[in-house]
Each structure stands twice: as C-alpha cells, then as structure tokens.
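Open your viewer and get ready to select some residues. We will go from stop to stop, and at each one you will see what to pick and what is there.

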Amino acid sequence: ADEPLVLGIETSCDETGVGIVRGHTLLADAIASSVDEHARFGGVVPEVASRAHLEAIVPTMERALAEAGVTIADIDAIAVTSGPGLAGALLVGVAAAKGYALAAEKPVYGVNHLAAHVAVDTLEHGPLPEPAIALLVSGGHSSLLRVDDLAGGVTPLGATIDDAAGEAFDKVARLLGLPFPGGPWIDREARAGDAGAIGFPRGLTAAKDLAAHRYDFSFSGLKTAVARWVEARQRAGEPVPVADVAASFQEAVCDVLVGKALDACRTSGIDTLVIGGGVAANSRLRAMAEHRAAKHGIRVRVPRPKLCTDNGAMVAALGSHLVASGVAPSRLDLPADSALPL
Ligand code: KG4
Ligand code: ZN
C-alpha cells in the first residue's frame, strides 16, 4: 500500500502506548499500564507514572514494531501526545519521539490528546463525517467538542467545571468499597441494581444553569450527594444497597452526558456523535446514547473499549490523518504542554 505507515506514542497519564497504523488500518497497539502501582493511592500519582513510562517506553516501542512486523526504518512519521496531560509523563513520550525521529530521520507530529481520542474512531468505523460532535469522558477529562476538521478544526463547546466523569466513577466506587479504577466495577454492580432506586442530582441541567453552562458538566455535587446518602444509611445502621447506589449514580451521570451531547447535535444540526475516553466503555452510556440518539436520527459511533481508553493507536490514527491532510510536521524542539489547548 502507498498509504504512510505512522507510529503513535501516548504517555499523557498512566498508560504507555505505542500504536502503528497504515491509513485507517491498525497494525499494532502495544500498551504497558502503571494502573496497579497507583491503585493503593486511589488515583494516579504523577511521579510514579513518569518513572513507569521511562521504564516501559523502549520495550513497548519494540513490542509494537514486532507486532506490526516492521522496523523503525519502515515508519514514515512519528506522532506523539504533546498535551494535555501530566507534565512529567508527557515529557517521556515527547523525548522518546524526538530521539527516535532524530536517530531514524523521521518527521515528528505533536498531537492533542483529546483530538486523538476522537480520531481513534476512524480505525473502527472509517473516515469521520465532518462536522461531528464528540463527547470525551475519561478519568482526566469530560469535554463536548465540535469537530469540523480533525486536522485542526476541533472546537470545545463545554467541559467539566469540577470533576471528570471517570473521576466521579472512581470516587463513588471508592466510597462503596470497590477497587480502583472504579468505573468498570460500578458498571458491573449496576447491572444487578435498580437505576430508579435513588434520585441523584443531574449537575448543570437546571434552567438557571443552562444559560452559562449549557454544554458544561459538574459531577462533584453528585459525588457529594452519593456520599451523604451512603453515610446516612451507615449512621442508621442499615446495609448499603451497593448495586442500587451504583445503578442510580451511573444513571445520573449517563443521563447528563447523553442529554447534553444530543442537545449539541440537535442545536447544530449535526447527525454524528462520537463518544470516546475510558468512560465510553460504560455499558449503560453506550446503550442510552444509542437508544436516545436513534429517536432523533443521530448516529452514534463508539470505538471498542480497548480503543476508548488511552493507547498509542489513537495517536497514530490522528498522526495518520495529519500526514494524509498534508499538515506540516512539528519542529524538533516541540514542547510537552500539560495544558495544551485544542
Ligand atoms: O481514558 P482513560 O483510560 O484514562 C484517562 O485519560 O483518564 O479513562 C479511565 C477512566 C477511569 O476513571 C475509569 O474508571 C473509567 O475511565 N472507566 C469507566 C469504565 N471503564 C473505564 N467508567 C465507567 N464505566 C466503565 N465501564
Ligand atoms: Zn485520555
């Protein structure tokens, strides 16, 4: 094939990922996670993540190349997440990308982590219809984006004003005594629970909040409401119905995410909604989005769970799109920017 072979490096949080794509075809997706090292702290510890990336980056690179059956000399371009994310973690990936680019004389593309979460969908469903609305929900971010052009035309419509959706899942899981990261555990527990058992609050959906925060999210009030509810039960000496709390909490989060994402689609007359980020693996979010979108003729695209969480393939997918769009590579003094805007 004459489509370029693009390698992507992701180190913005706790996953060291190296992916290789040709066009929209995924050839390798190697990953090393430090999630177990953070588990006892109940959240990602930046210093621990940076050290883990440093140990994992070269072996993960080698695994990806072996998986794709190519050598670094065969690669046409190297893409790397240059932000947003943890500064020290990003630095490891950016430094590695520069080292490989310099040694093998390859162009390097610094890419935005959020845009990469959207681009990864092209590996599963082909070219993205533009414009599209994207909902990105993970442990580090909760954003609603308008995508006019994956190569530089991604505009934020709104974001969380406090906790990220995944962070809320993790905190609620913790107070229910479930392991970290809690999202998958809440998802599992919720299947046996009644989503209508407890009426938890839907942040920033009241008429008075919509004027200034129509496409923004807030999950800290929900987390507090769950904590108060659980504490009241415990104080009364009654058992906590974990499955019902999990299902009712999950329903509140999904209701707000899907409601705002579909509002953005309908208001702008856009009929494609892409969902990405670790929380996109949530079974209730997927089902609710598809069910409610169908009523409005909106198509929902959600990549398989392994592509939703942080990985190198998403960075390679965006890099591949940039190369195909004729975008110029980054300079070799490309910085890591923990607050990189879209
Ligand atoms: O995208 P990701 O792997 O890393 C970040 O950039 O944060 O997302 C991780 C987040 C965690 O908060 C985790 O609890 C959540 O995604 N998550 C889920 C599910 N699977 C992962 N949340 C809800 N339901 C799930 N099935
Ligand atoms: Zn992410």
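One idea will help before we start: a crossing of two helices is called left-handed if the near helix is turned anticlockwise from the far one by less than a right angle, and right-handed if it is turned clockwise. Keep in mind, too, that you are looking at a predicted model.

**Stop 1: two helices side by side**

Select residues 46-68, which form helix H2, and residues 87-104, which form helix H3. Is the crossing of H2 and H3 left-handed or right-handed? Turn the view until one helix lies in front of the other: H2 passes H3 in a right-handed crossing. Their axes come within 7 Å and cross at roughly 20°. Because angles under 35 degrees count as roughly parallel, H2 is roughly parallel to H3.

Now show the side chains where these helices meet. On H2, pick Pro46, Glu47, Ala49, Ser50, His53, Leu54 and Ile57. On H3, the partners are Gly88, Ala89, Val92, Gly93 and Ala96. Colour this contact by class and you will find seven nonpolar residues, four polar ones and one charged one.

**Stop 2: either end of H3**

Go to Gly83 and Pro84, which are joined by a cis peptide bond with omega of about -10°. Pro84 sits in the loop between strand S4 (77-83) and H3.

Next, select Glu105, in the loop between H3 and strand S5 (108-112). What is the sign of phi at Glu105? Glu105 has a positive phi, about 55°, although it is not a glycine.

**Stop 3: two domains**

Zoom out and give the domains two colours. Domain 1 covers 5-120 together with 311-324, while domain 2 covers 129-303. Their centres, taken over C-alpha atoms, are separated by 27 Å. Where the domains touch, domain 1 supplies 13 residues and domain 2 supplies 18 residues.

Stay on the domain 1 side of this contact. Helix H1 (35-39), helix H4 (113-119) and helix H13 (312-324) each give two or more residues to it. Which of them gives the most? Select H4: its share is five residues. By class, this side of domain 1 has 10 nonpolar residues, three polar ones and no charged ones.

**Stop 4: a second cis bond**

Move along the chain to Glu130 and Pro131. The peptide bond between Glu130 and Pro131 is cis, with omega near 0°. You will find Pro131 in the loop between helix H5 (121-125) and strand S6 (132-137).

**Stop 5: around the ligand**

Select ligand 1 and show its surroundings. There are 19 residues around ligand 1, and those that come nearest are Ser138, Gly139, Gly166, Gly183 and Gly278. Two elements give two or more residues to this shell: helix H6 (165-175) and helix H7 (183-190). In the whole shell you can count six nonpolar, 10 polar and three charged residues.

Keep H6 and H7 on screen. They pack at an angle of about 70°, with axes 8 Å apart. Angles of 65 to 115 degrees count as roughly perpendicular, so H6 and H7 are roughly perpendicular to each other. Their crossing is left-handed. From H6, highlight Gly166, Phe169, Asp170, Val172 and Ala173; from H7, highlight Gly183, Trp185 and Ile186. This contact holds five nonpolar, two polar and one charged residues. Look again at Gly166 and Gly183, which take part in the contact of H6 with H7 and are among the residues that come nearest to ligand 1.

**Stop 6: a nonpolar meeting place**

Finish with helix H9 (residues 220-235) and helix H10 (residues 242-268), whose axes are 11 Å apart at an angle of about 160°. Angles over 145 degrees count as roughly antiparallel, so H9 and H10 are roughly antiparallel to each other. H9 passes H10 in a right-handed crossing. Show Leu222, Val226 and Val230 on H9, then Val245, Phe249, Ala252 and Val253 on H10. What classes of residue make up this contact? Seven are nonpolar, with no polar and no charged residues.

Key:
Residues are numbered from 1 along each chain as its sequence is written. Chains are lettered from A and ligands numbered from 1 in the order in which they are written. This is a predicted model: local features need pLDDT of at least 70, side-chain atom pairs count only at pLDDT 80 or more; totals for chains, interfaces and linings use all residues. Axes are lines fitted to C-alpha atoms, for helices over the stretch in contact, and angles run from 0 to 180 degrees between N-to-C directions. Helices (H or I, at least four residues) and strands (E, at least two) are DSSP runs, numbered from the N terminus. Two residues are in contact if their C-beta atoms, placed from the backbone, lie within 7 Å. Ala, Val, Leu, Ile, Met, Phe, Trp, Tyr, Cys and Pro count as nonpolar, Asp, Glu, Lys and Arg as charged, and the others, Gly among them, as polar. A residue is near a molecule or strand if its C-beta atom, placed from the backbone, lies within 6 Å of it. Domain bounds come from an automatic or database domain assignment.
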